[in-house]
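This briefing treats the sheet, the helices packed on it, the principal pocket and one loop residue. Please consult the sequence and the structure below alongside the text.

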Amino acid sequence: MIIEHATLTIRPDGHEAFLAAFPQVQAHLLASQGCRSVDLYPSVDREAVYLLRVTWDTLEDHTEVFPASEHGRAVLAELQNHAQALDIIHFDGVPVGTSA
């Protein structure tokens with residue numbers, strides 16, 4: 001399992017539109033090959049920042065299959081409409097000190 005953390009900085013005055021669009025983004029992600037879960041968290045100290053946390057079966061499901069899919073293109077279009085910055089990092093789904 002891979003955990004994707006995407007830090008989204010939303011355009012000024014765009015929070016309501018982003019939050020209104022998020023259920024569709026979430027639906028596209030959950031319908032994608034290898035996507036297990038999708039959660040969105042607001043920052044408590046930066047009003048314009050959200051953490052999008054997505055778990056994937058494999059890194060390839062996110063980095064190779066998803067971008068080329070209809071769902072991937074729809075998510076990218078929505079994020080481009082609302083986010084002024086996006087930073088993505090992937091984590092191993094097995095915590096340090098435990099075995100797979």
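Helix H3 (70–82) lies across S1 and S4 and runs at about 130° to S4. The model is a predicted one, and the points below describe how its sheet, helices and largest pocket are arranged.

**Helices on the sheet**

- The direction of H3 makes an angle of about 130° with that of S4, and the strands that H3 crosses are S1 and S4.
- The sheet to which these strands belong is open and has 4 strands, in the order S2-S3-S1-S4, with antiparallel pairing. Its edge strands are S2 (35–42) and S4, each of which pairs on one side only. From one strand to the next, the twist averages 15°.
- H2 also packs on the sheet, where it touches S1, S3 and S4, and its direction makes about 140° with that of S4.

**Strand pairing**

- S1 and S4 run antiparallel and are joined by 9 bridges. Within this pairing, Ile3 has Phe91 of S4 as its bridge partner.
- S2 and S3 are likewise paired in the antiparallel sense, over 7 bridges. Leu40 stands opposite Leu52, which belongs to S3.
- The two strands S2 and S3 form a hairpin, with 6 residues between them.

**Largest pocket**

- The volume of the largest pocket is about 210 Å³. It is lined by 14 residues, of which His62, Phe66, Val75, Leu79 and Ile88 are the closest to its centre.
- At least two lining residues come from each of strand S1 (2–10), strand S3 (49–56), helix H2 (59–68), helix H3 (70–82) and strand S4 (83–92). H3 supplies the largest share, 4 residues.
- By residue class, the lining comprises 11 nonpolar, 2 polar and 1 charged.

**A loop residue with positive phi**

- Asp13 is located in the loop between S1 and helix H1 (15–30).
- The phi of Asp13 is positive, at about 60°, although the residue is not a glycine. Most residues other than glycine have a negative phi.
- Is Asp13 buried or exposed? Its relative accessibility is 81%, so Asp13 counts as exposed, the cut-off for that class being over 50%.

Conventions: Residues are numbered from 1 along each chain as its sequence is written. This is a predicted model: local features need pLDDT of at least 70, side-chain atom pairs count only at pLDDT 80 or more; totals for chains, interfaces and linings use all residues. Side-chain values use heavy atoms; hydrogens and water are left out. On a 1 Å grid over the protein atoms alone, a cavity is a set of points where a 1.4 Å probe fits but cannot get out, and a pocket is an open set with protein on both sides within 12 Å along at least five of seven lines; lining residues have an atom within 4 Å of a point. Grid points are joined across faces, edges and corners, and a volume is the space filled by probe spheres set on the points. Ala, Val, Leu, Ile, Met, Phe, Trp, Tyr, Cys and Pro count as nonpolar, Asp, Glu, Lys and Arg as charged, and the others, Gly among them, as polar. Two strands pair if DSSP finds at least two bridges between them. Axes are lines fitted to C-alpha atoms, for helices over the stretch in contact, and angles run from 0 to 180 degrees between N-to-C directions. Contact means heavy atoms within 4.5 Å. Buried means under 20% relative accessible area, exposed over 50%, partly exposed in between (1.4 Å probe, protein chains only).
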